[in-house]
Structure formats: structure tokens, C-alpha cells
Amino acid sequence: AGMEIRWHHVAMAVRDMDRIVPFYRDLLGFEVDWEKPHYSGEALSQVVGLEQAAARVVMLKGHGGRMELFQYLNPLGTDRPRGRQCDFGLTHVALEVKGIHAIYKRLRQAGVAFNCPPQILRPGACATYLLDPEGNTVELIEYE
């Protein structure tokens, strides 16, 4: 009793903030809630478990949720093996949309890579997966 929990955000470490923010802002319609160009300090280092951690951080908001992007300045990150969707761990971020076919067409014209055009998964549910500029998977799903 007395435990209050609610969803706040998902977070991703990114290579290039200047490349990734315009994708989520301009193509997917998120807005920048706040940005810290140089976030550091002992408390951050303790929380993230990295010595002398420093990062540029951008919090995006929109569409009923938030996504926090970290570009670590110290220590510098390395590439994780890009797993398949069936491999263990977090696999994708999903956005519920209206007008999935029009959104798919607009994003394809902008050069966004998709696994396939939108597919009917079951009656009333149509979905596709796309890759953001750094190879993270984003699902678009439309429910009737």
C-alpha cells in the first residue's frame, strides 16, 4: 500500500544528437521539452554507474509520452551488437498513429528505412517497423 508508480519516459544513448533530434522532432512530431548541453556531477555518475559521467541530454515529449536522449561526452559509448527482434532485451519503441499509410509514404519520401509497408497484423491492427537514423527500431501501429 502507498506505492504510487506511473510511466515517465524511455531513454536511448545516441551517437549524434544533432542528427537524431531533427528525426524525432521534424519527422515524428515530438517537441523538445528541455535540454542540458552538459549534464554531469557525482549524483549522475552514481545513478548511471559510470565514473565522471557527462552527457548532452534532450528530453522529447509528445504523443502521450516522453523519450530521453543521452549523448555521452564521458565516457564515450561503443556500439552494441544490433540484435534481432527475437533477441533478449528491449527491442523497440512503439507509436500509435492515425493514417499509417500516409505517414509511411511521407517518411519513405524523407528517406526513412522500413522493414516493409504497413501490414494488417489482425483485424483492426496495422503496423510496420522503421529504423531511426541510428538504427533503433520504432514501430508505427494503427488501431481501428
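The paragraphs below go through a sheet and the nonpolar cores of this structure, which is a predicted model.

We begin with the sheet, which is open, has four strands in the order S1-S4-S3-S2, and shows mixed pairing. Strand S1 (10-13) and strand S2 (31-40) stand at its edges, and because each has a single partner strand, one side of each is left without a neighbour in the sheet. From one strand to the next, the twist averages 20 degrees. Strands of a sheet pair through backbone hydrogen bonds, in either a parallel or an antiparallel manner. Here S1 and S4 run parallel and are joined by four bridges, and Val 10 has Met 67 in S4 as its bridge partner.

From the sheet we turn to the largest nonpolar core, which holds 25 residues, and in which Tyr 24, Leu 69, Leu 107, Leu 130 and Leu 140 touch the most other members. At least two residues of this core are supplied by each of helix H1 (17-27), strand S3 (54-62), strand S4 (65-74), helix H3 (100-109), strand S8 (125-131) and strand S9 (137-143), and the largest share, five residues, comes from H1.

Which residues does Leu 69 touch, if those up to four places away in sequence are not counted? The contacts of Leu 69 are Met 12, Val 14, Met 17, Ile 20 and Val 21, together with Arg 56, Val 57, Val 58 and Leu 60. Apart from the largest core lies another core, made up of six residues, including Leu 44, Ala 53, Ala 55 and Val 57; Val 57 is thus a member of this other core and is also touched by Leu 69.

Methods:
Residues numbered from 1 in each chain as written. Predicted model: local features only at pLDDT ≥ 70, side-chain atom pairs only at ≥ 80, totals over all residues. Heavy atoms only, no water. Core = buried A, V, L, I, M, F, W, Y, C linked by side-chain atoms within 4.5 Å. Buried < 20%, exposed > 50% of the residue type's maximum accessible area, 1.4 Å probe, protein only. Contact = heavy atoms within 4.5 Å. Pairing = 2+ DSSP bridges. Axes fitted to C-alpha atoms, helices over the stretch in contact; angles between N-to-C directions.
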